[in-house]
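Hi everyone, thanks for making time. Today I'd like to walk you through the empty spaces in one protein model, pockets first and then cavities. Here it is on the screen.

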Amino acid sequence: MAGSGVFAEITDGDEFKYYIEGEWKKSASGKSVSIINPTTRKTQYKVQACTQEEVNKVMEIAKAAQKLWAKTPLWKRAELLHKAAAILKEHKAPIAECLVKEIAKPAKDAVTEVVRSGDLVSYTAEEGVRILGQGTYLVSDSFPGNERTKYCLSSKIPLGVVLAIPPFNYPVNLAVSKLAPALIAGNSIVLKPPTQGAVSALHMVHCFHLAGFPKGLINCVTGKGSEIGDFLTMHPGVNCISFTGGDTGIAISKKAGMIPLQMELGGKDACIVLEDADLDLVAANIIKGGFSYSGQRCTAVKVVLVMESVADDLVAKVNAKVAKLKVGPPEDDCDITAVVSESSANFIEGLVVDAKQKGATFCQEYKREGNLIWPLLLDHVRPDMRIAWEEPFGPVLPVIRITSAEEGIHHCNASNFGLQGCVFTKDINKAMLISDAMETGTVQINSAPARGPDHFPFQGIKDSGIGSQGITNSINMMVKVKSTVINLPCPSYAMG
């Protein structure tokens, strides 16, 4: 059970503490932030409302701890990460329980997220030893006009304090995808989890605590974004920000100053379907890509662009599968569960109302109970409808009928997003040409968009992000190059 057993020390009554200098503490504010269960719409947990003074203290401690951690042998860093990964997987049940209650993630998917996170941490430890254990050696006479009088040795050194801000939909996996690369690279961490998902993240942090990481190296503050959000992201003690979320990331990037940024900010992932596509394969991937976790994934299929000649057949196949989706509570492993908040449900409903007013075809009756929205396929969507461009982050999927691949590419590229996209065709030549033309960070051929496996590069362009993720890229993102140049006297070739 959450907050019990080995996790008992992270709670005080009905409130969860925050983590600073290797200890779990209550905030001096005396205030807490409530976490609402999306399914019941009642308060499930409470976390500390940390103050700006406490953020200052965390930054000071993290900076001091990082100096010592940077001197810790690489093999020792990896050893502690492997230990944390094992503890994380050992305690997957209570963490998964938090995911179910905080963000309405289906129970089986919640367990999968925790196990996947442990695997990511272990892989990062191994990859970090390989990447960071190597340097480069250059000699000066390879550049015109130089003698062999300079030798350059370069290596990768940590940035300092990394501020990690994961999103609600993967508060454990997208937290460790930031923590593990930062730690293996020799950085310290300040984690600001999302409000919805904070308790899951706090349990994850305790697994790192149990692994025996040095005090002050990993810190976790909770609280209202309106009170500590800007204060954290603009803090002079932060040397790198790794953020996953929505439009907030654009504001962060404008305020952050001259520090490295790793930003993944959502998408409007297009699925282009050509006439020769395997429509059964397409339908299965649309269901998986568009409706898993109720569409609350940045890599979800967000718009289907299908050739008019096969659109009727595809829509019929997708509708048949939508009818089989199980709707209900996450504890029952339902396919469609409540979206994360009432405000999210209201936003989705606004897109649906707009589409109805402008003449979209509703393939199912729109149905909503509280935060629970039944899956809905909208056919004959036009570009003048909001749902054609905006990211619903819910189980509502628009279908736009096109007459050419070029029309589909144009719609994809006209979006302000550019995270992922996909194309379905049996013609690999067409697939590659379309992939080259799509302005997205990744294009999947004959499969729905997806993040992972976690060592694959993952990046967006335009308003979808800055920098690249994936284990190797994240490690390289969280280091900088340090060079030492040895200067020798001019050589005397007459010697000897």
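Let me start with the second largest pocket, where α4 provides the largest share of the lining, five residues. Keep in mind that this is a predicted model. Both α4 (107–132) and α9 (279–291) supply at least two residues of that lining. The volume of this second largest pocket is about 730 Å³. Of the 30 residues lining it, D109, Y170, K288, S292 and R297 are the closest to its centre. For those of you thinking about chemistry, the lining divides into 14 nonpolar, five polar and 11 charged residues.

So where does this pocket sit relative to the domains? Domain 1 (5–265 + 464–481) and domain 2 (270–445) both give residues to the lining of the second largest pocket, so it lies between them.

Now to the largest pocket, at about 1,200 Å³. It is lined by 42 residues, and F168, G245, G246, D247 and T248 lie nearest its centre. Which elements give two or more residues to this lining? They are α7 (225–233), β12 (240–244), α8 (248–255) and α11 (342–357). Of these, α7 gives the most, with six residues. By class, the lining of the largest pocket has 18 nonpolar, 16 polar and eight charged residues. The largest pocket also lies between domain 1 and domain 2, because both of them give residues to its lining.

On to the closed spaces. How many cavities of 30 Å³ or more are there? The count comes to six. The largest cavity has a volume of about 130 Å³. It is lined by 17 residues, with S177, R451, D454, Q469 and G470 closest to its centre. Two elements, α5 (173–184) and α14 (471–477), give two or more residues to this lining, and α5 gives the most, with four. Here the classes come out as seven nonpolar, seven polar and three charged residues.

The second largest cavity holds about 50 Å³ of space. Its lining includes Y19, G22, F208 and H209, along with residues such as K215 and I218. That lining divides into six nonpolar, three polar and one charged residue.

One last piece of context: an unreviewed UniProt entry lists residues 24–483 as "domain: Aldehyde dehydrogenase". Over that range the chain is 41% helix and 21% strand, with the end C-alpha atoms 40 Å apart.

That's my tour. Thanks for listening, and I'm happy to take questions.

Notes. Residues are numbered from 1 along each chain as its sequence is written. This is a predicted model: local features need pLDDT of at least 70, side-chain atom pairs count only at pLDDT 80 or more; totals for chains, interfaces and linings use all residues. Side-chain values use heavy atoms; hydrogens and water are left out. On a 1 Å grid over the protein atoms alone, a cavity is a set of points where a 1.4 Å probe fits but cannot get out, and a pocket is an open set with protein on both sides within 12 Å along at least five of seven lines; lining residues have an atom within 4 Å of a point. Grid points are joined across faces, edges and corners, and a volume is the space filled by probe spheres set on the points. Ala, Val, Leu, Ile, Met, Phe, Trp, Tyr, Cys and Pro count as nonpolar, Asp, Glu, Lys and Arg as charged, and the others, Gly among them, as polar. UniProt positions are given in the numbering used here, feature names are shortened, and annotations may be inferred rather than shown by experiment. Domain bounds come from an automatic or database domain assignment.
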